[in-house]
Amino acid sequence: MNDTKKLEPRSVWCALVTAFLVFFACTTSLCAAVSAQLSRTQTVVGVPVQFLVEVDGSTNVVLPQEIAVDGLQIQRTGQQTRVEIINFRMKTSAVYSFTVYPDREGVFEIPSIDVTVDGKRVQTRPVKLQVDAGSPGVPVQRAIPVQPGQGAYPPGSQPPPVPAEPSEEKQLAFAKLIVPKTEVFVGEMVPVEVRFYFNQGYQFEIQGQRPNISGEGFTVQRLPDPQRGEQRIGNEDYHVLSFRTAITPLKSGQIELPSVTLNALTRIPMSSMGTIDDIFDQFFGGSGGPGMGQNRELAVSTEPSQLTVKPLPKEGRPANFSGAVGEFTISSIADPVKVGPGEPVTLKVTVVGKGNFDAMGDPVLVGDQGWSSYPPAQNFQPDDPVGFTGQKNFEFALVAREPRTETPGAEFSFFNPESAQYVTISASPVAVQAAASNAAVASATADSTVPDAPTPEGSDDGSQKTAAAGDSVGAEVARGFSPWIRSGAAWVFNGIIAAVVFAVLVIGWMRRRNATDAGMLQRRKRERSALLAHAAKSSDDAFPAAVVAVLQFDAESSGEIGAWDRVNALQDLPQHADAAARLREFLFAVDEARFSGGAIQTKQALADAKAEILGILKKVCP
Amino acid sequence: MKNWLICFLCVTWAVSGVGADAQKSPAEQSLTEVEQQLRETGPSPQLYYHLAVAEESAGDIVDAALNYQRAIMLDPGMRAAQNRFAAFASKNNIGVRPRSWQDDVVSVVHPETLLFIGMVLGWVGAIWLAWMIFSAPKSRWYVAAAVFVLLLGSALFSMGYVSDPRIADANLFIISGGPEVKVLSGPAENSSTVVSLNPGSAIGVISPRGAWTYVVTPGGAAGWIPSDRLIKVIPDLASGAVAP
């Protein structure tokens with residue numbers, strides 16, 4: 001007896017579903033992890049730190065509102081929740097923040113706290129906090145989070161220093177204009193940042209969209225949307241609005257960056273209003289709310305600053321320097337790499353780096369003998385919202401005047417402000433196969449910025465050049481706007497072909513008709529021969545009827561009605577006149593024998609004439 | 001006094017004539033020479049392409065759009081012109097005719113090639129079939145082959161005919177320079193605006209009616225625009241207008 005039972009499909013499904021539910025529960029709740037940590041493990045009296053409890057795997061969490069520790073005031077202040085789905089797996093996490101205010105110095109231990117996650121109690125590890133006496137020396141700072149791809153500063157460039165001024169701790173709001181360097185060159189694009197700090201203890205409403213940065217002697221790039229962050233300065237937490245852009249000095253000397261202002265509306269709590277006037281104003285329905293505080297307009301401005309602008313040196317300036325200041329690299333590609341006569345090759349020269357792309361001139365083609373080119377099409381692809389870094393593409397349309405195996409190279413000169421030197425970079429020629437075309441038109445490389453730019457062939461004599469080019473173009477590539485199929489030649493050609501088809505049809509029809517007539521004739525001959533053979537073999541009595549049948553057949557073949565008509569027709573033919581007379585006599589005899597009761601003499605005469613009549617019938621075949 | 005007057009006239013002539021040529025930029029010189037070549041040699045896709053590139057460099061958006069269209073119309077397989085025109089149209093926010101299956105066909109093989117091959121095959125099939133009708137003995141396979149060749153040739157010819165942009169886009173126009181053109185719901189100034197188009201945008205003419213023309217926009221909307229804002233892509237060769 002076999003004890004093993006075969007699993008039913010239903011049982012298998014139940015097991016799978018159960019396993020999935022267990023897995024799902026594990027990934028969502030049962031596997032929830034709880035951790036606790038301090039933002040800093042060391043502080044001073046009066047300077048709070050953050051106590052963070054992070055719960056992974058669930059958002060159904062119950063935490064105490066307060067944690068009792070002698071010498072510390074710990075209050076729950078906030079919560080952040082995050083849900084992610086990665087590879088079909090949902091991950092939830094929540095961070096609960098407590099603010100810890102140290103009342104006195106010493107080493108404190110925040111004990112483990114009970115955290116209820118999805119109904120289950122979990123305990124955190126205890127953490128220690130060292131509180132020192134004395135004034136807060138170095139302010140606590142948190143960097144402004146920068147989203148990937150949003151930073152105004154490219155990799156390698158130095159970010160501006162983070163401000164740290166304890167004297168501003170108690171301010172409602174203030175602003176800073178951060179310029180990474182104070183000495184720059186004319187045309188050098190300088191990234192600048194304007195930061196507006198708003199005390200988190202107050203409510204602010206920003207008036208207007210963005211500040212206006214303008215001044216004399218420099219240009220400003222487009223001001224992108226601000227980045228938002230938080231920063232602690234001294235004992236105060238601030239909301240930070242950061243506007244990042246870039247300025248480009250246009251002239252040498254001292255230029256002043258004027259103050260940048262952002263207007264905001266804030267609400268001052270009652271406790272902050274100390275004067276009698278304010279109290280009366282509040283009481284009598286002033287600008288403040290009913291017993292809550294007063295709205296106040298703020299103009300948050302930066303301090304003006306100075307920038308020393310140095311002129312670009314004249315020594316070592318390349319002939320093809322076109323005003324680019326920064327750091328760049330160059331590369332080039334060609335497409336297509338194999339072209340026929342007159343077909344253009346697009347040489348795409350790409351300049352990548354950081355600097356004043358707006359003022360950048362075109363790269364210069366070198367070694368372009370045998371090529372015709374045009375001023376390139378340009379497009380700029382910024383890597384940051386300001387346009388300080390990125391790549392600029394220059395697309396040259398090239399047409400070979402001579403057979404060429406490589407494109408021209410490209411050179412580009414710029415001034416590097418870091419090394420204070422001019423730099424010339426070049427892109428190597430690209431291998432191509434370009435057939436020659438005399439149709440290459442006048443080259444725009446006759447630009448004065450290209451010292452050795454070749455002129456088109458025969459450019460000394462414009463008429464000769466144009467005529468030669470025109471011949472070649474007309475012979476090789478010229479196509480009209482009227483399709484060939486609509487031209488007169490096409491009509492003639494198709495007419496001839498149509499006539500040929502018609503002729504084929506006519507010839508075929510005629511051949512078939514002729515073939516049909518001949519076949520009928522043959523068939524009739526065979527039938528007449530059969531009738532004659534039948535007549536020859538017939539008895540004497542049947543012979544007259546057989547003769548009449550032959551004559552009747554001949555009459556039908558000739559379009560006549562009966563045997564007598566056939567005989568009459570033969571009568572009209574001189575060569576058959578005698579035969580017709582004899583046939584007439586025979587037919588009279590046949591009628592006589594038929595209508596006279598069949599006289600024996602007549603029948604005998606007809607029988608005697610059998611051989612003669614058969615001979616006549618063979619001769620008078622139509 | 002008379003000598004002074006002659007000197008003045010000579011200087012004026014030199015400055016206004018010879019001097020003007022000498023002061024032309026390289027792009028303007030290229031434009032002039034390409035236009036001259038076009039007039040002398042007739043329409044050529046390469047020359048129209050060169051002309052469009054030079055006009056784009058010179059900032060002449062409408063003429064550049066017109067000549068890119070002409071270059072592509074004459075040689076639909078000219079990839080350089082297609083790529084450059086696409087970038088140019090995108091950069092300048094110019095409406096272009098939506099791409100269709102005919103464009104895919106003619107980008108592979110020129111429509112005239114299709115027309116010629118289709119025509120030859122069609123006629124060969126027709127002659128063959130006509131001969132087969134009256135010939136004896138008849139082979140069923142030969143008749144089928146003749147019919148197939150005839151149908152194949154007819155199909156290729158038809159495809160080439162409907163794909164040839166010179167035929168299919170015979171009513172293609174572009175918006176001339178100036179302010180943007182409003183496509184109106186009726187042939188009157190006070191009609192409601194259907195859509196606005198930038199100069200250089202392609203537009204299909206359905207029915208010209210005097211001062212107003214009923215058109216269809218690249219987006220498929222139909223409406224009326226003033227006839228004097230339209231430039232036909234296919235130039236009037238009878239008047240010698242190969243170049244704008």
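**Exercise 1.** Which residues in α4(A) meet which residues in α7(B)? Characterise the packing of these helices in the predicted model.

*Solution.* Step 1: identify the contact. On the α4(A) side stand A:Ile497, A:Val500, A:Val501, A:Val504, A:Leu505, A:Gly508, A:Trp509, A:Arg511 and A:Arg512; they meet B:Trp123, B:Ala126, B:Ile127, B:Ala130, B:Trp131, B:Ile133 and B:Phe134 in α7(B).

Step 2: classify the residues. The contact of α4(A) with α7(B) consists of 13 nonpolar, one polar and two charged residues.

Step 3: determine the geometry. The axes of helix α4 of chain A (residues 488-537) and helix α7 of chain B (residues 111-134) approach within 8 Å, crossing at roughly 5°. Because angles under 35 degrees count as roughly parallel, α4(A) is roughly parallel to α7(B).

**Exercise 2.** Determine whether B:Gly122 is buried or exposed, and locate its contacts.

*Solution.* Step 1: B:Gly122 belongs to helix α7 of chain B.

Step 2: B:Gly122 has 22 C-beta neighbours inside 10 Å and therefore counts as buried, the threshold being 20 or more.

Step 3: beyond four places in sequence, B:Gly122 contacts B:Leu150, B:Gly153, B:Ser154 and B:Phe157. Its C-alpha atom is separated by 9.4 Å from that of B:Val147, 25 residues apart along the chain.

**Exercise 3.** Identify the residues that touch the most other members of the largest nonpolar core, and the helix that gives the most to this core.

*Solution.* Step 1: within this core of 69 residues, the residues sought are B:Tyr68, B:Ala71 and B:Ile174.

Step 2: helix α4 of chain B (residues 61-74) gives the most, with ten residues.

Step 3: another core, of 31 residues, lies apart from it and includes A:Ile233 and A:Phe243.

Conventions: Residues numbered from 1 in each chain as written. Chains lettered and ligands numbered in written order. Predicted model: local features only at pLDDT ≥ 70, side-chain atom pairs only at ≥ 80, totals over all residues. Core = buried A, V, L, I, M, F, W, Y, C linked by C-beta atoms within 7 Å. Buried ≥ 20, exposed ≤ 12 C-beta atoms within 10 Å, placed from the backbone. Helix = DSSP H or I, 4+ residues; strand = E, 2+ residues; numbered from the N terminus. Axes fitted to C-alpha atoms, helices over the stretch in contact; angles between N-to-C directions. Parallel < 35°, antiparallel > 145°, perpendicular 65-115°, else oblique. Contact = placed C-beta atoms within 7 Å. Nonpolar A, V, L, I, M, F, W, Y, C, P; charged D, E, K, R; others polar.
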